[in-house]
Amino acid sequence: MENSNLIVYSAATLDDLPAVVRLCMLVEEQHENYWRLRWERRPGLSEGYLRWLTHRIGDPRMFIHVAKDPTFSTLPAPSIVGMIVASINDEIPIYTYSEYALVQDMAVIASHRRRGIGQQLLKNAAAWARGHNLTQLRLLVADKNPDAQAAFLKTGFVPTYHEMVLPLKEEGDTP
(Lines give C-alpha, C1' and ligand atoms only; values in the text may rest on other atoms or scores of the structure.)
Protein backbone atom coordinates (compact mmCIF):
# COMPACT_ATOMS: atom_id res chain seq x y z
CA MET A 1 0.00 0.00 0.00
CA GLU A 2 1.28 3.44 -0.90
CA ASN A 3 1.79 6.02 1.83
CA SER A 4 -1.39 8.11 2.03
CA ASN A 5 0.70 10.93 3.53
CA LEU A 6 1.93 11.56 0.00
CA ILE A 7 -1.53 12.61 -1.19
CA VAL A 8 -1.70 16.28 -2.13
CA TYR A 9 -5.07 18.06 -2.05
CA SER A 10 -5.58 21.18 -4.14
CA ALA A 11 -7.95 23.19 -6.25
CA ALA A 12 -8.29 21.69 -9.69
CA THR A 13 -6.57 23.46 -12.57
CA LEU A 14 -7.77 23.60 -16.15
CA ASP A 15 -5.25 20.86 -16.93
CA ASP A 16 -6.82 18.66 -14.24
CA LEU A 17 -10.37 18.93 -15.58
CA PRO A 18 -10.19 16.10 -18.17
CA ALA A 19 -9.19 13.71 -15.36
CA VAL A 20 -11.94 15.10 -13.12
CA VAL A 21 -14.47 14.48 -15.90
CA ARG A 22 -13.19 10.91 -16.43
CA LEU A 23 -13.78 10.21 -12.73
CA CYS A 24 -17.23 11.83 -12.95
CA MET A 25 -18.08 9.54 -15.88
CA LEU A 26 -17.17 6.51 -13.75
CA VAL A 27 -19.69 7.74 -11.18
CA GLU A 28 -22.29 8.31 -13.89
CA GLU A 29 -21.73 4.81 -15.27
CA GLN A 30 -22.20 3.35 -11.80
CA HIS A 31 -25.44 5.31 -11.36
CA GLU A 32 -26.70 4.22 -14.75
CA ASN A 33 -26.07 0.60 -13.77
CA TYR A 34 -28.13 1.12 -10.62
CA TRP A 35 -31.17 2.44 -12.44
CA ARG A 36 -31.00 3.45 -16.09
CA LEU A 37 -34.39 5.20 -16.08
CA ARG A 38 -33.13 7.76 -13.53
CA TRP A 39 -29.49 8.09 -14.56
CA GLU A 40 -29.18 7.32 -18.27
CA ARG A 41 -26.20 9.14 -19.70
CA ARG A 42 -26.95 11.22 -22.75
CA PRO A 43 -24.61 11.49 -25.75
CA GLY A 44 -21.92 14.12 -25.26
CA LEU A 45 -22.21 14.08 -21.48
CA SER A 46 -18.46 14.13 -20.79
CA GLU A 47 -17.88 16.98 -23.26
CA GLY A 48 -20.74 18.95 -21.71
CA TYR A 49 -19.43 18.31 -18.22
CA LEU A 50 -15.97 19.48 -19.27
CA ARG A 51 -17.44 22.70 -20.74
CA TRP A 52 -19.48 23.30 -17.57
CA LEU A 53 -16.48 22.78 -15.28
CA THR A 54 -14.23 24.90 -17.49
CA HIS A 55 -16.67 27.82 -17.20
CA ARG A 56 -17.09 27.36 -13.45
CA ILE A 57 -13.53 26.63 -12.34
CA GLY A 58 -12.91 30.20 -11.14
CA ASP A 59 -16.38 30.64 -9.64
CA PRO A 60 -16.23 31.20 -5.86
CA ARG A 61 -19.54 29.32 -5.57
CA MET A 62 -17.85 26.17 -6.92
CA PHE A 63 -15.44 23.83 -5.16
CA ILE A 64 -13.52 21.69 -7.65
CA HIS A 65 -10.66 19.91 -5.91
CA VAL A 66 -8.43 16.97 -6.63
CA ALA A 67 -6.35 14.50 -4.68
CA LYS A 68 -3.01 13.72 -6.28
CA ASP A 69 -0.59 10.93 -5.55
CA PRO A 70 2.79 11.91 -7.04
CA THR A 71 3.92 8.26 -6.90
CA PHE A 72 0.97 7.06 -8.97
CA SER A 73 1.36 7.11 -12.73
CA THR A 74 -1.21 6.30 -15.38
CA LEU A 75 -1.73 8.29 -18.51
CA PRO A 76 -3.28 10.72 -19.35
CA ALA A 77 -3.69 11.95 -15.75
CA PRO A 78 -0.57 10.72 -14.02
CA SER A 79 -1.38 11.56 -10.43
CA ILE A 80 -5.08 12.38 -9.92
CA VAL A 81 -6.57 9.69 -7.69
CA GLY A 82 -9.67 11.50 -6.45
CA MET A 83 -11.86 14.52 -6.99
CA ILE A 84 -14.84 16.36 -5.58
CA VAL A 85 -17.16 18.91 -7.17
CA ALA A 86 -19.45 20.93 -4.91
CA SER A 87 -21.53 24.05 -5.44
CA ILE A 88 -23.43 26.64 -3.48
CA ASN A 89 -27.13 26.44 -4.27
CA ASP A 90 -30.11 28.61 -3.44
CA GLU A 91 -32.58 27.11 -0.98
CA ILE A 92 -36.31 27.45 -1.49
CA PRO A 93 -37.54 30.49 0.48
CA ILE A 94 -39.38 28.67 3.28
CA TYR A 95 -36.33 27.91 5.41
CA THR A 96 -34.35 30.18 7.73
CA TYR A 97 -31.22 29.90 5.57
CA SER A 98 -31.02 30.88 1.92
CA GLU A 99 -28.18 28.71 0.60
CA TYR A 100 -26.52 25.34 1.09
CA ALA A 101 -23.56 23.48 -0.40
CA LEU A 102 -24.13 20.36 -2.46
CA VAL A 103 -21.61 17.71 -3.46
CA GLN A 104 -22.32 17.26 -7.16
CA ASP A 105 -19.81 14.47 -7.75
CA MET A 106 -17.02 12.75 -5.90
CA ALA A 107 -14.83 9.77 -6.74
CA VAL A 108 -11.65 8.05 -5.67
CA ILE A 109 -10.05 5.51 -7.99
CA ALA A 110 -10.38 1.89 -6.86
CA SER A 111 -6.67 1.42 -6.09
CA HIS A 112 -6.74 4.32 -3.61
CA ARG A 113 -9.98 3.68 -1.74
CA ARG A 114 -10.11 3.03 2.01
CA ARG A 115 -7.17 5.35 2.66
CA GLY A 116 -9.12 8.38 3.88
CA ILE A 117 -8.86 10.28 0.59
CA GLY A 118 -12.63 10.61 0.17
CA GLN A 119 -13.00 11.67 3.79
CA GLN A 120 -10.35 14.35 3.35
CA LEU A 121 -11.99 15.64 0.16
CA LEU A 122 -15.31 15.88 2.03
CA LYS A 123 -13.66 17.60 5.01
CA ASN A 124 -12.07 20.12 2.65
CA ALA A 125 -15.45 20.76 0.98
CA ALA A 126 -17.06 21.19 4.40
CA ALA A 127 -14.40 23.72 5.41
CA TRP A 128 -15.00 25.61 2.15
CA ALA A 129 -18.77 25.62 2.83
CA ARG A 130 -18.22 26.86 6.41
CA GLY A 131 -16.00 29.58 4.96
CA HIS A 132 -19.03 30.75 2.99
CA ASN A 133 -21.09 30.83 6.22
CA LEU A 134 -23.21 27.90 5.09
CA THR A 135 -24.83 25.55 7.59
CA GLN A 136 -25.10 22.42 5.44
CA LEU A 137 -23.10 20.30 3.03
CA ARG A 138 -25.51 17.91 1.33
CA LEU A 139 -25.11 14.98 -1.02
CA LEU A 140 -27.14 12.19 -2.57
CA VAL A 141 -26.03 8.59 -2.24
CA ALA A 142 -27.59 5.65 -4.04
CA ASP A 143 -29.50 3.08 -2.01
CA LYS A 144 -27.54 0.45 -3.94
CA ASN A 145 -24.20 1.83 -2.75
CA PRO A 146 -23.81 0.78 0.91
CA ASP A 147 -20.02 1.29 0.82
CA ALA A 148 -20.47 4.97 -0.04
CA GLN A 149 -23.23 5.31 2.56
CA ALA A 150 -20.89 3.91 5.22
CA ALA A 151 -18.07 6.23 4.14
CA PHE A 152 -20.34 9.28 4.32
CA LEU A 153 -21.64 8.27 7.75
CA LYS A 154 -18.03 7.84 8.93
CA THR A 155 -17.29 11.39 7.76
CA GLY A 156 -20.19 12.75 9.81
CA PHE A 157 -23.06 12.94 7.32
CA VAL A 158 -26.45 12.00 8.72
CA PRO A 159 -29.37 10.58 6.74
CA THR A 160 -32.28 13.00 6.52
CA TYR A 161 -34.66 11.98 3.77
CA HIS A 162 -35.10 9.01 1.52
CA GLU A 163 -35.58 10.11 -2.08
CA MET A 164 -38.39 8.32 -3.88
CA VAL A 165 -39.15 8.42 -7.59
CA LEU A 166 -42.37 7.49 -9.38
CA PRO A 167 -41.39 6.25 -12.86
CA LEU A 168 -43.72 7.75 -15.44
CA LYS A 169 -42.42 5.59 -18.26
CA GLU A 170 -41.18 2.03 -18.51
CA GLU A 171 -37.49 1.17 -18.41
CA GLY A 172 -36.19 1.34 -21.99
CA ASP A 173 -38.95 3.64 -23.28
CA THR A 174 -37.68 6.49 -25.39
CA PRO A 175 -38.66 10.05 -24.44
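## Leu 140, helix H1 and the nonpolar core

Leu 140 is exposed, because its relative accessible area of 59% is over the 50% cut-off. The model is a predicted one, and in it Leu 140 sits in the loop that links strand S5 (137-138) to helix H5 (146-155). Pro 159 is 19 residues away from Leu 140 along the chain, and their C-alpha atoms are 9.7 Å apart.

Now let's turn to the buried side of the story. The largest nonpolar core has 44 residues, and Leu 53 and Met 83 have the most contacts inside it. Helix H1 is its biggest contributor, giving 8 residues. Other elements that supply two or more residues include those in this table:

| Element | Residues |
|---|---|
| helix H3 | 45-56 |
| strand S2 | 62-68 |
| strand S3 | 80-90 |
| strand S4 | 99-108 |
| helix H4 | 117-131 |

What does Leu 53 touch, leaving aside residues up to four places away in sequence? Its partners are Leu 17, Val 20, Val 21, Ile 64 and Val 85.

H1 itself covers residues 17-34, and its end C-alpha atoms lie 26 Å apart, in agreement with the 26 Å expected for 18 residues at 1.5 Å a residue. Among its buried residues are Leu 17, Val 20, Val 21, Cys 24, Met 25 and Glu 28. Those six, together with Pro 18, meet Leu 45, Ser 46, Tyr 49, Leu 50, Leu 53 and Thr 54 of H3. The axes of H1 and H3 come within 10 Å and cross at roughly 130 degrees, which means that H1 is oblique to H3. The crossing of H1 past H3 is right-handed.

Note on methods. Residues are numbered from 1 along each chain as its sequence is written. This is a predicted model: local features need pLDDT of at least 70, side-chain atom pairs count only at pLDDT 80 or more; totals for chains, interfaces and linings use all residues. Side-chain values use heavy atoms; hydrogens and water are left out. Helices (H or I, at least four residues) and strands (E, at least two) are DSSP runs, numbered from the N terminus. The expected span of a helix is 1.5 Å times one less than its number of residues. Buried means under 20% relative accessible area, exposed over 50%, partly exposed in between (1.4 Å probe, protein chains only). A nonpolar core is a set of buried Ala, Val, Leu, Ile, Met, Phe, Trp, Tyr and Cys residues joined through side-chain atoms within 4.5 Å. Contact means heavy atoms within 4.5 Å. Axes are lines fitted to C-alpha atoms, for helices over the stretch in contact, and angles run from 0 to 180 degrees between N-to-C directions. Angles under 35 degrees count as roughly parallel, over 145 as roughly antiparallel, 65 to 115 as roughly perpendicular and the rest as oblique. A crossing is left-handed if the near helix is turned anticlockwise from the far one by less than a right angle, and right-handed if clockwise.
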